[in-house]
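Student: Please give me one close look at the interior of this chain. I would like a single connected account, with the cut-off behind each term stated as you go.

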Amino acid sequence: MLLVLLVMVLAAGAAWATGGRLTRLADNSLTGVHWLAAAAIGQFLGSLTGGTAYPVGLIGSAVCIAVFLRQNLRHPGVGLLALGFFCNALVVALNGAMPVAADALARAGVGPFVSDPRHELSDATTTLPWLGDVVPVALPGLGQAVSPGDVLIAAGAGLLLYAGMGGSHRIPTETAPVWDELEPCEGTPALLRLKAEASADHPPE
């Protein structure tokens, strides 16, 4: 999913700029990662077969993802991921495929809709069409239409990555020196004045 990858790259860059590091991801406490693997396999097999197998595979993968998310709700961004996956699974389950709005494709600069087992063009019979691919993403050469669920998933994934890398919300800077510790540069009026005062207090014998 292009939008998710783009947001994650931006989140990683923001985390790096605020002191986060990829090495900190190894210290996270996410559990049940095998449920994510099962979800990915279910979606992949469903998309290959098409027809009824696709929504069934998507619903099965959504259940696996729900178990994973339930075990990790304490992590930032996981709640957004859960809501996004639920929205996508719901609209696909009700329609048999992800409905796509033709006007969203046009605004994203995408050519005519091409049907596939996972997508169908929205029409008057579509249930909950506003949960389908109705959000245009106008990227040069990479335009696409995504669903509100995809937007939530991208936001959740970005937040999870940012927090996992240890982003601090602040750009690291050097501590400002204390005024009393500053030394005047040679030739400055303040230093010349100090030298003059020292000479007046200690005249040559």
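Tutor: From the N terminus on, the elements run α-α-α-α-β-α-β-β-β-α-α, a total of seven helices and four strands; these are DSSP runs numbered from the N terminus, with helices (H or I) of at least four residues and strands (E) of at least two. This is a predicted model, in which local features need pLDDT of at least 70 and side-chain atom pairs count only at pLDDT 80 or more, whereas totals for chains, interfaces and linings use all residues. Residues are numbered from 1 along each chain as its sequence is written, and side-chain values use heavy atoms, with hydrogens and water left out.

Of the 205 residues of the chain, 30% count as buried, a label that means under 20% relative accessible area, with exposed meaning over 50% and partly exposed what lies in between (1.4 Å probe, protein chains only). The accessible surface of the chain comes to about 12600 Å², of which carbon and sulfur atoms hold 67%; the areas come from the Shrake-Rupley method with a 1.4 Å probe, and for residues only the protein chains shown count as cover. Taking contact to mean heavy atoms within 4.5 Å, residues 24 or more positions apart account for 68% of the contacts in the chain with a separation of 6 or more.

The interior itself is best approached through its nonpolar cores, each a set of buried Ala, Val, Leu, Ile, Met, Phe, Trp, Tyr and Cys residues joined through side-chain atoms within 4.5 Å. In soluble globular proteins, nonpolar side chains tend to be buried together. The largest core here has 15 residues, and those with the most contacts inside it are Val4, Leu69 and Leu81. The elements that give two or more residues to this core are α1 (2–17), α3 (53–71), α4 (78–95) and α6 (148–164). A second, separate core has seven residues, among them Tyr54, Val91, Val92 and Leu131. Returning to the largest core, Leu81 is in contact with Leu69, Leu152, Ile153, Gly156, Ala157 and Leu160, once its neighbours within four places in sequence are left aside.

Those partners lead to the packing of the helices. The axes of α4 and α6 come within 7 Å and cross at roughly 160°, where axes are lines fitted to C-alpha atoms, for helices over the stretch in contact, and angles run from 0 to 180 degrees between N-to-C directions. Angles under 35 degrees count as roughly parallel, over 145 as roughly antiparallel, 65 to 115 as roughly perpendicular and the rest as oblique, and α4 and α6 are therefore roughly antiparallel to each other. Their crossing is left-handed, which is the term used if the near helix is turned anticlockwise from the far one by less than a right angle, a clockwise turn being right-handed. On the α4 side the meeting residues include Val78, Leu81, Gly84 and Phe85, and on the α6 side they include Leu152, Ile153, Gly156 and Leu160. Gly79, also in α4, counts as partly exposed at 42% relative accessibility, and its C-alpha is 7.2 Å from that of Gly156, although 77 residues separate the two in sequence.

Helix α3 also packs against α4, with axes that come within 10 Å and cross at roughly 160°; this pair is therefore roughly antiparallel, and the crossing is left-handed. The contact involves, among others, Tyr54, Leu58 and Leu69 of α3 with Leu81, Phe85 and Val92 of α4. Elsewhere in α3 is Ser61, buried with a relative accessible area of 1%, which touches Ala39 and Gln43 when residues up to four places away in sequence are not counted.

For α1 and α6, the axes come within 8 Å and cross at roughly 25°, so these two helices are roughly parallel, and their crossing is right-handed. Residues of this contact include Val4, Val7 and Ala11 of α1 and Ile153, Ala157 and Leu161 of α6.

Finally, Met98 lies in strand β1 (residues 98–100) and is buried, with a relative accessible area of 7%. Apart from residues up to four places away in sequence, Met98 touches several residues, including Val91, Val92 and Leu131, which are also among the members of the second core. Met98 and His119 are 21 residues apart in sequence, with 4.6 Å between their C-alpha atoms.
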